Amino acid sequence: MDLTDKVAVVTGGSRGIGRATAIMLAKRGAKVVVHDMTDAACAEEVAAYIREEGGEALAVQGDMCDADEMGRIIDNAAKKFGSVDILVMSANLPFARKPFAEMAWAEFAQKLNDEMRAAFVTTQAVIPGMIKRRSGRLIYVSSTLGKDPSPHMIALGTAKGSLDTFAAYIAQEFGTYGITANVVAPGLVQADEAAELTEQEMSVIGSFTPLGRVAVPEDVAGVISFLAGGDAGFVTGTYTPVTGGLVME
């Protein structure tokens, strides 16, 4: 799958799924902007690795919920590489993990607001250039928790459900400009966010999975990379679980 000369912005590109995605897109020829919300050094580590492997990459830091900061990031990407062709939203924003009965509205609303504001602001930052070129790929990393509830995950699940709906509306509105918008929904992934689980717990979850294991970040990155490429040019408005069959549509 050739992404030569395509420019990709990967939010949350310094860790987990985002890191694997940034590296995979670069290996397939894309020029990658590696974003981190707070840790510039972590983003630079990934960008440096890509450059060492012969790719092109730029590390950036900025608040996805701030329109001015995201505008600056997209402008810097354009100055360095050219207009953005691919946006992958994979940043993992914090949220409260607790039962609904113990949750304050402020905790619940914070996750909803952060998730949707980040999607809104970041999408608005790249859409004008994509409309002008009549081409673009928008890929939103969600979670199966948006459709498949799990204890103590109501804030995350509700926010991701909103993100899924948002992506469908973006797909509908901008399809006539050649812009696709798709959702990739991982289940449990062996990455930073799963660090609190023991090896035994991961093994048990893997045993219930039809493909016999828990996902690694590269499993999700492969689906994202497909949706970013030319072979997925007529794929939009989709929701793809990446769970090894543990959750099926």
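**Exercise 1. Find which strands helix α3 lies across in this predicted model.**

Start at residues 67-80, which form helix α3. Next, look at what sits beneath: α3 lies across β1, β2 and β3. Finally, compare directions with β3, and you get an angle of about 160 degrees.

**Exercise 2. Work out the strand order of the open sheet, and explain what is special about β3 and β7.**

Begin by listing the seven strands across the sheet: β3-β2-β1-β4-β5-β6-β7, with parallel pairing. Now check the two ends. β3 (56-61) and β7 (239-242) each have a single partner strand, so one side of each is left without a neighbour in the sheet. Going from one strand to the next, the twist averages 20 degrees.

Then zoom in on one end. Strand β6 (residues 179-186) is joined to β7 by four bridges, and the two run parallel. Within this pair, Val183 stands opposite Tyr239 of β7.

To finish, add helix α1 (residues 16-27), which packs on the sheet and touches β1, β2, β4, β5 and β6. The direction of α1 makes about 170 degrees with that of β1.

**Exercise 3. Locate the largest nonpolar core and follow the contacts of Tyr140.**

First, the count: this core has 35 residues. Among those with the most contacts inside it are Val84, Leu138 and Tyr140. Second, the suppliers: β1, α3, β4, α4, β5, α5 and β6 each give at least two residues.

Third, take Tyr140. Leaving out residues up to four places away in sequence, Tyr140 touches several partners, including Met89, Phe166, Ile170 and Val183.

Lastly, look for a separate second core: it has 30 residues, including Ala43, Ala47, Ile139 and Val220.

Technical notes. Residues numbered from 1 in each chain as written. Predicted model: local features only at pLDDT ≥ 70, side-chain atom pairs only at ≥ 80, totals over all residues. Heavy atoms only, no water. Pairing = 2+ DSSP bridges. Axes fitted to C-alpha atoms, helices over the stretch in contact; angles between N-to-C directions. Contact = heavy atoms within 4.5 Å. Core = buried A, V, L, I, M, F, W, Y, C linked by side-chain atoms within 4.5 Å. Buried < 20%, exposed > 50% of the residue type's maximum accessible area, 1.4 Å probe, protein only.
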